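Work through the exercises below with the coordinates open, and try each task before reading its solution.

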Amino acid sequence: MPLNSRSVSKSGVSFVPFRELFEKLKMNIGYDAKLQQVTGTKGDLKIMFTIGSKTAYVNGQRKALQAAPFSQNGTTLIPIRIVGEATGNAVYYSAAADVIQINSPSFKGASYTIDEIPILFNANGTVLFGPDALKDMNQQKELAEMDAIKEFTANAPKIRVVGVPPTQEQAKEPGYKGYPNYFDANYVTAAGNKETLPPLMSEGWISLAMLSEIENISNLGNSNSNILSIGKYVGINIVRYNIVLTDEYKKAQKGDFTLSDIHIKKYKGTMYLNIEDLKTAGLIESN
C-alpha cells in the first residue's frame with residue numbers, strides 16, 4: 001500500500017503520519033489533543049499511541065516501543081511496524097529502494113513504472129528494478145497462467161469420449177455399473193452451463209441412451225405413437241416392455257410421472273427411467 005508521505009527514521013525506527021497510515025488500513029481514527037493520544041480502531045482491534053511515550057496499547061495490552069511517537073510540522077508520526085503487525089500484515093524494509101512495505105496475507109505483488117524503469121514489489125518484501133523486475137514479472141505471469149489452467153481443469157466438467165467404455169479410474173466415480181454420471185450427455189451440458197443436473201444414475205435413474213449402451217435395451221419402435229416399446233434380445237427372443245405415454249407426459253418438458261408401472265422423470269424433454277422399476281419389469285437383471 002503506497003503512502004504519499006515519506007517515512008522518517010528515528011532511533012532506527014521508521015515513522016509515518018498516523019492519519020494517512022490508518023486511512024490506508026481502513027481504520028477509524030481518533031485524536032485526543034488534551035491527552036496527546038491517537039487511536040486507530042477496526043473491528044475488535046484498537047491501537048493507541050501517546051505522543052512522547054514509548055508505550056503503546058494494542059487492545060489494552062502494553063507494547064514497548066524503541067522510540068516514541070512525535071509531532072513534526074503539525075503532523076503526528078507513529079512507528080509503522082507495530083501497526084502493520086497488529087493488523088495482521090507483514091512489514092518489510094528495502095534498503096536498496098528505501099521503501100517500507102506493509103503486505104497483507106493476500107498480497108501477491110505489485111508492479112509500477114517510474115521514470116520508465118519497471119519496479120516490482122514482491123509479497124516477500126523484496127523490491128526488484130529494471131531487467132530483474134521484468135524477468136520476475138514474466139515468471140510470475142507464467143506461474144499465474146499455469147495456476148489458472150490448473151484451476152480451470154480442476155473445475156471443468158468431466159467429459160467422456162463417446163463410444164469408449166469407462167476406464168478403471170472412471171469406474172470409481174459415482175454412477176451405474178461402472179459408468180459415471182458424467183457419461184450422460186445431458187450431465188456434461190448441464191455441468192458446463194452450471195445448470196441443474198439431470199437425474200443421476202447413481203441415484204437410480206437412467207436415460208434411454210445410457211440404457212442402450214450399458215444394458216443393450218433399445219427403443220424397439222411401435223406403430224402406435226402413444227406407446228414406447230423398449231427391450232432387448234435374449235438369445236433369439238426379444239424381451240419387450242410397452243410404456244404407454246400419456247398426453248400430460250408428451251406435452252411436458254420436465255416432471256415426475258408413473259407410466260405403465262415405471263417411475264419416470266422428464267428432464268428437458270429427455271426420459272429418465274427408474275432402474276429398480278426396470279429390474280422389477282424383468283428388463284434388467286438384479287445383481
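A residue counts as buried under 20% relative accessible area, as exposed over 50%, and as partly exposed in between (1.4 Å probe, protein chains only). The model is predicted, so local features need pLDDT of at least 70 and side-chain atom pairs count only at pLDDT 80 or more, while totals for chains, interfaces and linings use all residues. Residues are numbered from 1 along each chain as its sequence is written, and side-chain values use heavy atoms, with hydrogens and water left out.

**Exercise 1. Salt bridge within a helix**

Task: Find where Arg81 and Glu85 lie, and state how their side chains meet.

Solution: Begin with the secondary structure, in which helices (H or I, at least four residues) and strands (E, at least two) are DSSP runs numbered from the N terminus. Arg81 and Glu85 both belong to helix H2 (residues 80–86), where four residues, about one turn of the helix, set them apart. An α-helix has 3.6 residues a turn, so residues three or four places apart point the same way. Next apply the salt-bridge rule, which asks for a side-chain nitrogen of Lys or Arg within 4 Å of a carboxyl oxygen of Asp or Glu. The side chains of Arg81 and Glu85 satisfy this rule with an N to O distance of 3.7 Å. Finally, Arg81 is partly exposed because its relative accessibility is 42%, and Glu85 is partly exposed because its value is 47%.

**Exercise 2. Salt bridges between distant parts**

Task: Determine which parts of the chain are tied together by the pair of Glu215 and Lys177, and which are linked by the pair of Glu195 and Lys268.

Solution: The structure has six salt bridges by the rule above. In one of them, between Glu215 and Lys177, the closest N and O atoms are 2.6 Å apart. Glu215 is in helix H5 (residues 208–215) and Lys177 in the loop between strand E15 (175–176) and strand E16 (179–180), so this pair ties together parts that are 38 residues apart in sequence. The accessibilities of the partners are then checked: Glu215 is buried, with a relative accessible area of 10%, whereas Lys177 is partly exposed at 40%.

For the pair of Glu195 and Lys268, the closest N and O atoms are 2.5 Å apart. Glu195 is in the loop between H4 and strand E17 (205–207), and Lys268 is in the loop between strand E22 (262–267) and strand E23 (270–274), so that the pair links distant parts of the chain, 73 residues apart. Glu195 counts as partly exposed, because its relative accessibility is 35%.

**Exercise 3. Aromatic pairs**

Task: Classify the geometry of the pair formed by Tyr249 and Phe257.

Solution: Rings of Phe, Tyr and Trp (its six-membered ring) pair if their centres lie within 6.5 Å, and planes under 30 degrees apart count as stacked, over 60 as edge-to-face and the rest as tilted. The structure holds seven such pairs. For Tyr249 and Phe257, the centres are 5.2 Å apart and the planes stand at 85°, which makes the pair edge-to-face. Both Tyr249 and Phe257 are buried. Elsewhere, ring pairs join Phe18, Phe22 and Tyr31 into a cluster.

**Exercise 4. Surroundings of Thr76**

Task: Is Thr76 buried or exposed, and with which residues is Thr76 in contact?

Solution: Thr76 is located in strand E9 (residues 75–79). Thr76 counts as buried because its relative accessibility is 8%. Taking contact to mean heavy atoms within 4.5 Å, and leaving aside neighbours within four places in sequence, one finds Thr76 in contact with Val16, Pro17, Phe18, Val38, Ile51, Phe70 and Ser71.

**Exercise 5. Positive phi angles**

Task: Where do Asn59 and Asn216 lie, and what are their phi values?

Solution: Asn59 sits in the loop between strand E6 (55–58) and strand E7 (61–64), and its phi is near 50°, a positive value in a residue other than glycine. Asn59 is partly exposed because its relative accessibility is 45%. Asn216 occupies the loop between H5 and strand E18 (218–219), with a positive phi of about 60° although it is not a glycine. Asn216 is exposed, with a relative accessible area of 56%. A further positive phi, of about 55°, is taken by Lys194 just after H4.
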